[in-house]
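Hello,

Here is the structure I promised to pass on. Please look through it first, then read the notes below it.

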Amino acid sequence: MSDHDDTTKVWELIDKIGFCMLATHNGSDIRSRPMSAYTKRDDGSVYFLTDVASHKDEEVARHPNVCLAFADTKGQKYVSVSGTAEVLNDRELIREIWAFPAKAWWEGPDDPSIRILKVNPEFAEYWDSPGTVISYIKMAAAAVSSSKPDMGENEKVSL
């Protein structure tokens with residue numbers, strides 16, 4: 001695949017999977033938590049709604065390098081994204097990416113405690129296998145024949 005196709009594939013997988021584990025560094029440990037991603041390909045960023053009082057915001061302010069791990073285990077599709085993050089108080093963008101599930105944490109998009117966590121991806125790696133059943137069949141066939149199975153696409157992509 002060309003670099004353009006690989007970049008497109010990364011964004012398509014991120015959009016399709018939608019949820020990820022956001023890993024931040026707190027100075028001594030790496031912490032991950034599930035987050036709902038909103039992408040804007042035109043500016044090449046991944047956005048999250050977050051709360052001004054959350055620890056991840058403090059961690060990002062001190063250590064902006066983060067990792068996003070997207071996983072569709074049933075479809076055997078995975079994306080790991082490394083980049084830098086920043087916390088924004090962009091009220092217009094908050095209203096733009098607001099979705100009903102956010103109501104579990106806030107009353108509405110005008111809640112003053114909502115912030116945007118913006119991740120600027122720098123590097124990604126993806127794995128796109130044909131699915132669980134086919135993958136198991138390929139692994140079993142490889143084990144019997146002592147060969148390596150073709151488990152689908154795996155590419156490293158600079159973003």
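One place to start is Leu93, which counts as buried because its relative accessibility is 8%, under the 20% cut-off for that word. Leu93 belongs to helix α3, residues 91-97. Setting aside neighbours within four places in sequence, Leu93 touches Lys40, Tyr47 and Ile116. Of these partners, Ile116 is 23 residues away from Leu93 in sequence, with 7.9 Å between the two C-alpha atoms.

Please keep in mind that this is a predicted model. The mean pLDDT of the chain is 86, and 84% of the residues reach at least 70. Which elements have the lowest and the highest mean pLDDT? The lowest is helix α4 (residues 132-145), at 48, and the highest is strand β5 (residues 65-72), at 97. Over residues 132-142 the pLDDT stays under 50, and the model has 16 contacts for that stretch beyond four places in sequence.

Now the overall layout. The chain has 4 helices and 8 strands, and along the sequence they come in the order α-β-β-β-β-α-β-β-α-β-α-β. There are 159 residues in the chain, and 40% of them count as buried. Among contacts with a separation of 6 or more, 65% are between residues 24 or more positions apart.

Glu58 gives another pair to look at. This residue sits in helix α2 (residues 55-62). Glu58 and Thr24 are separated by 34 residues in sequence, and their C-alpha atoms are 9.9 Å apart in space. Is Glu58 buried or partly exposed? Glu58 counts as partly exposed because its relative accessibility is 40%, which falls between the cut-offs of 20% and 50%.

Next, the cysteines. The structure holds 0 disulfides. Why is Cys20 not bonded to another cysteine? The closest cysteine sulfur is in Cys67, and at 8.8 Å from the sulfur of Cys20 this is too far for a bond, because a disulfide needs the two sulfur atoms within 2.5 Å. Seen from the other side, Cys67 is in no disulfide either, and its nearest cysteine sulfur is that of Cys20. Their surroundings can be stated too: Cys20 is buried, at 3% relative accessibility, while Cys67 is partly exposed, at 26%.

There is also a backbone detail to check. Most residues other than glycine have a negative phi. Gln76 is not a glycine, yet its phi is positive, at about 60 degrees. You will find Gln76 in the loop between β5 and β6 (77-88).

Last, the empty space. A probe the size of a water molecule, rolled over the atoms, shows where such space is left. The largest pocket holds about 310 Å³. Two elements, β2 (30-36) and β4 (45-51), each give two or more residues to the lining of the largest pocket. How many residues line the largest pocket, and which lie nearest its centre? The lining has 14 residues, with Met35, Ser36, Leu49, Trp105 and Trp106 nearest the centre. By type, the lining of the largest pocket consists of 9 nonpolar, 3 polar and 2 charged residues.

When you open the model, I suggest going through these notes in the order given.

Regards

Technical notes: Residues numbered from 1 in each chain as written. Predicted model: local features only at pLDDT ≥ 70, side-chain atom pairs only at ≥ 80, totals over all residues. Heavy atoms only, no water. 1 Å grid on protein atoms, 1.4 Å probe; cavity = no way out; pocket = protein on both sides within 12 Å on 5 of 7 lines; lining within 4 Å. Points joined across faces, edges and corners; volume = space filled by probe spheres on them. Nonpolar A, V, L, I, M, F, W, Y, C, P; charged D, E, K, R; others polar. pLDDT = per-residue confidence, 0-100. Contact = heavy atoms within 4.5 Å. Buried < 20%, exposed > 50% of the residue type's maximum accessible area, 1.4 Å probe, protein only.
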